[in-house]
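Subject: Structure for you to look at

Dear colleague,

I am handing over the structure we spoke about, with the sequence alongside. Please open both before you read on.

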Amino acid sequence: DADDAAPPAAAPRRPLDECTVCFEPFAEAGDDADFCHSCGRNYHAACLTRWFLHKRARVCAVCAAPWRDDAPAADATATTEEGFLNLRALQPGVAAERDTSTYATNDEGRRWADVHAERAEEAAATTEGGAPFG
């Protein structure tokens, strides 16, 4: 099934030879250039700005993929939170705050996540002050 297919990996940058919009060569390797992380094509920054204004959308001129200004680096590290790997930093458009409205509650009406967080804080405070069982 096509819906079950994994999303395509980021495309490597193509050789920096000419701009995909104006077909002019890049002056230097350090020229103000950007590339599409979906198809790898290169653009002058000015050409890319003109293209976005023309299309009234931030999409690639060739593959029409949504433009990603800062693709995560291959070695980007995600932070851990409560013992879980938090991929929020690698997913653009994801809310920064966790939605806890559907978390399970105990008999007292308190969310289990809050109960466990308090227990973890108490355990940390106990171990900082000396031996916990002594």
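Below is an account of what was found, going from the chain as a whole to single residues.

Please keep in mind throughout that this is a predicted model. The chain holds two helices and four strands, and from the N terminus on these elements follow one another in the order β-β-α-β-β-α. Of the 134 residues in the chain, 16% are buried, while the surface that the chain exposes comes to about 10,300 Å², with carbon and sulfur atoms supplying 53% of it. If you take the contacts between residues at least 6 apart in sequence, 30% of them join residues that are at least 24 apart.

In soluble globular proteins, nonpolar side chains tend to be buried together. In this model the largest nonpolar core is made up of seven residues, namely Cys36, Cys39, Tyr43, Leu48, Phe52, Cys60 and Trp67. One of these, Cys39, is in contact with Ala11, Arg14, Cys60 and Cys63, once its neighbours within four places in sequence are left aside.

The aromatic residues deserve a separate paragraph, and the count comes to two aromatic pairs. Tyr43 and Trp67 form an edge-to-face pair, with 5.7 Å from centre to centre and 75° between the planes; this pair links distant parts of the chain, since Tyr43 belongs to strand β2 (residues 42-44) and Trp67 to the loop between α1 (45-55) and β3 (80-81), 24 residues apart. Phe52 and Trp67 also form an edge-to-face pair, at 5.6 Å centre to centre and with 65° between the planes, and here Phe52, in helix α1, is 15 residues apart from Trp67. Tyr43 and Trp67 are both buried, as are both Phe52 and Trp67, and ring pairs join Tyr43, Phe52 and Trp67 into a cluster.

Two polar residues may also interest you. Asp32 is found in the segment before β1 (33-35), and with a relative accessible area of 53% Asp32 counts as exposed, because the cut-off for that term is over 50%. Leaving aside neighbours within four places in sequence, Asp32 is in contact with Tyr43, His44 and Ala45; the C-alpha atoms of Asp32 and Tyr43 are 8.7 Å apart in space, with their positions 11 residues apart in sequence. Asn106, by contrast, lies in the loop between β4 (84-85) and α2 (112-128), and is buried because its relative accessible area of 15% falls under 20%. With the same neighbours left aside, Asn106 is in contact with Trp112 and Val115.

With best wishes

Methods. Residues numbered from 1 in each chain as written. Predicted model: local features only at pLDDT ≥ 70, side-chain atom pairs only at ≥ 80, totals over all residues. Heavy atoms only, no water. Buried < 20%, exposed > 50% of the residue type's maximum accessible area, 1.4 Å probe, protein only. Contact = heavy atoms within 4.5 Å. Areas by Shrake-Rupley, 256 points an atom, 1.4 Å probe, with all protein chains shown as cover. Core = buried A, V, L, I, M, F, W, Y, C linked by side-chain atoms within 4.5 Å. Phe/Tyr/Trp six-rings, centres within 6.5 Å; stacked < 30°, edge-to-face > 60°.
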